[in-house]
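Student: I should like to work through the side-chain pairings and the strand arrangement of this entry. May we begin once the structure is displayed?

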Amino acid sequence: MEFLKEIAKVLGADAAGAFRVQYAVVDGKGGYFQNVKRLVQFSSTEVVLRGRTGAVRVEGENLSLGKYFAGDLVIEGDIARVERVT
């Protein structure tokens, strides 16, 4: 998504930041995640995704996987929280 790249550029993301998991969440519907290299953990309340540099934990209710292809992942459900993990 070029839009996310433009946002990262405006925020001053460095070259390494381009390989972190980037995401957009739609309230009550789910989220779209980019640069995903591995699905580490999955349940209906928690998903952990790893990128090249870093990982994120997604918490919510009724979480399910929509699409996972070429580093793009869609998580459907009510996402309550996304946080960076080490």
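Student: Which residue forms a salt bridge with glutamate 83, the closest N and O atoms being 2.9 Å apart?

Tutor: The model is a predicted one. In it, the side chain of glutamate 83 is joined by a salt bridge with a closest N to O separation of 2.9 Å. Glutamate 83 belongs to strand S6 (residues 72-85) and its partner to strand S5, so the contact ties together parts that are 26 residues apart in sequence. The partner is arginine 57.

Student: Is arginine 57 buried or exposed, or does it fall in between?

Tutor: A residue is buried under 20% relative accessible area and exposed over 50%. Arginine 57 has a relative accessibility of 24%, so it falls between these limits. Arginine 57 is therefore partly exposed.

Student: Which glutamate in strand S4 meets arginine 57 in a salt bridge?

Tutor: The N to O distance of this salt bridge is 3.0 Å. Arginine 57 lies in strand S5 (residues 55-69), and the partner lies in strand S4 (residues 46-50), 11 residues apart. The residue is glutamate 46.

Student: Which residues are linked in a network of salt bridges?

Tutor: The search of the whole structure finds three salt bridges. Besides the pairs that arginine 57 makes with glutamate 83 and with glutamate 46, the side chains of glutamate 83 and arginine 81 meet at 3.0 Å, N to O. Glutamate 83, at 22% relative accessible area, is partly exposed, and arginine 81, at 44%, is partly exposed as well. The linked residues are Glu46, Arg57, Arg81 and Glu83.

Student: Which strands stand at the edges of the sheet?

Tutor: The six strands form an open sheet, in the order S1-S2-S6-S5-S4-S3, with antiparallel pairing. Each edge strand has a single partner, so one of its sides is left without a neighbour in the sheet. The edge strands are S1 (22-26) and S3 (38-42).

Student: By how many degrees are neighbouring strands of this sheet turned against each other on average?

Tutor: The value is an average over neighbouring strands of the sheet, and direction is ignored. It amounts to 40 degrees.

Student: What is the bridge partner of glycine 30 in S6?

Tutor: Strand S2 (residues 30-34) runs antiparallel to S6, and four bridges join the two. Glycine 30 has its bridge partner in S6. That partner is glutamate 76.

How values were computed
Residues are numbered from 1 along each chain as its sequence is written. This is a predicted model: local features need pLDDT of at least 70, side-chain atom pairs count only at pLDDT 80 or more; totals for chains, interfaces and linings use all residues. Side-chain values use heavy atoms; hydrogens and water are left out. A salt bridge is a side-chain nitrogen of Lys or Arg within 4 Å of a carboxyl oxygen of Asp or Glu. Buried means under 20% relative accessible area, exposed over 50%, partly exposed in between (1.4 Å probe, protein chains only). Two strands pair if DSSP finds at least two bridges between them. Axes are lines fitted to C-alpha atoms, for helices over the stretch in contact, and angles run from 0 to 180 degrees between N-to-C directions.
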